[in-house]
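Let's take a friendly walk through a protein model. Have a look at the sequence and the 3D view first, and then we will go through the parts together.

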Amino acid sequence: MKRAIYIVLGSLTLVLGAIGIFVPLLPTTPFWLLTCWFYVRSSNKLYNRFLSNRYVGSYLRDYLEERTIPIRTKIIILSVLWSGSLLSVILVGNWIVAIVMLIISIAVTIHILSFRTKR
């Protein structure tokens, strides 16, 4: 029963992470790290399949095993983060939202830049 629940939760976090690619401030990486956590405890097949995905597998392996992020990935992450945040602030037009978005964006930027750059 526990295994089935972990598989369902892992699949749910996988979908939420995929949605997070397109929705500003919905974090992709933490959801996919949770996916790895659930899958490694429930199904080695799903875990290995997820980490061998040609689009995100190498990114997650680098993050999990080496604690590195490639420079190209850092640039893409920060570009999407800041453009999405600025677009959200412009569309919402609320100063409180702008301040919250700014604080979150700065915190995420610091977090991303804290990882070593993969050579």
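## A helix to start with

Which residues in H4 are buried? They are Gly-57, Tyr-59, Leu-60, Asp-62 and Tyr-63. Please keep in mind that this is a predicted model.

What covers these buried residues of H4? The cover includes the helices H2, H3, H5 and H6, together with strand S1 (68-70) and strand S2 (116-118). Just after H4 comes Arg-67, a residue with a positive phi near 55°.

## The chain as a whole

Now let's step back. The protein chain contains 6 helices and 2 strands. Reading from the N terminus, you meet its elements in the order α-α-α-α-β-α-α-β.

The C-alpha trace spans about 45 × 35 × 20 Å along its principal axes. The chain has 119 residues, and 32% of them count as buried. Take the contacts between residues at least 6 apart in sequence: 57% of these join residues at least 24 apart.

## Two ways for helices to meet

Let's compare two helix pairs, beginning with H5 and H6. They pack at an angle of about 175°, and their axes are 10 Å apart. Because of that angle, H5 is roughly antiparallel to H6. On the H5 side, the residues making the contact include Ile-77, Leu-81, Trp-82 and Ser-85; on the H6 side, Met-101, Leu-102, Ser-105 and Ile-106 are among them. Sorted by class, this contact has 14 nonpolar, 5 polar and 1 charged residues.

The second pair is helix H3 (residues 44-51) with H4, which pack at about 105° with their axes 7 Å apart. H3 and H4 are therefore roughly perpendicular to each other. H3 brings Tyr-47, Phe-50 and Leu-51 to the contact, while H4 brings Gly-57, Ser-58, Leu-60, Arg-61 and Leu-64. These residues divide into 5 nonpolar, 2 polar and 1 charged. Leu-60 and Gly-57 appear here again: both belong to this contact, and both are buried in H4.

## The largest pocket

How is empty space in a model found? Rolling a probe the size of a water molecule over the atoms shows where empty space is left. The largest pocket here has a volume of about 1000 Å³. It is lined by 30 residues, and the closest to its centre are Gly-20, Thr-28, Thr-29, Tyr-59 and Ile-77.

Which elements give two or more residues to this lining? They are helix H2 (28-42), helix H4 (57-66), helix H5 (71-92) and helix H6 (95-114). H5 gives the most, with 8 residues. By class, the lining of the largest pocket has 20 nonpolar, 8 polar and 2 charged residues. Two familiar names turn up near the centre: Tyr-59 and Ile-77 are among the residues closest to it. Tyr-59 is also one of the buried residues of H4, and Ile-77 also takes part in the contact of H5 with H6.

## A closer look at Tyr-6

Our last stop is Tyr-6, found in helix H1 (residues 2-20). Is Tyr-6 buried or exposed? Tyr-6 counts as buried, because its relative accessibility is 17% and the cut-off for buried is under 20%.

Leaving aside neighbours within four places in sequence, Tyr-6 is in contact with Trp-37, Phe-38, Arg-41 and Ser-42. How far apart are Tyr-6 and Trp-95 in space? From C-alpha to C-alpha they are 40 Å apart, with their positions 89 residues apart in sequence numbering.

Notes: Residues are numbered from 1 along each chain as its sequence is written. This is a predicted model: local features need pLDDT of at least 70, side-chain atom pairs count only at pLDDT 80 or more; totals for chains, interfaces and linings use all residues. Side-chain values use heavy atoms; hydrogens and water are left out. On a 1 Å grid over the protein atoms alone, a cavity is a set of points where a 1.4 Å probe fits but cannot get out, and a pocket is an open set with protein on both sides within 12 Å along at least five of seven lines; lining residues have an atom within 4 Å of a point. Grid points are joined across faces, edges and corners, and a volume is the space filled by probe spheres set on the points. Helices (H or I, at least four residues) and strands (E, at least two) are DSSP runs, numbered from the N terminus. Ala, Val, Leu, Ile, Met, Phe, Trp, Tyr, Cys and Pro count as nonpolar, Asp, Glu, Lys and Arg as charged, and the others, Gly among them, as polar. Axes are lines fitted to C-alpha atoms, for helices over the stretch in contact, and angles run from 0 to 180 degrees between N-to-C directions. Angles under 35 degrees count as roughly parallel, over 145 as roughly antiparallel, 65 to 115 as roughly perpendicular and the rest as oblique. Contact means heavy atoms within 4.5 Å. Buried means under 20% relative accessible area, exposed over 50%, partly exposed in between (1.4 Å probe, protein chains only).
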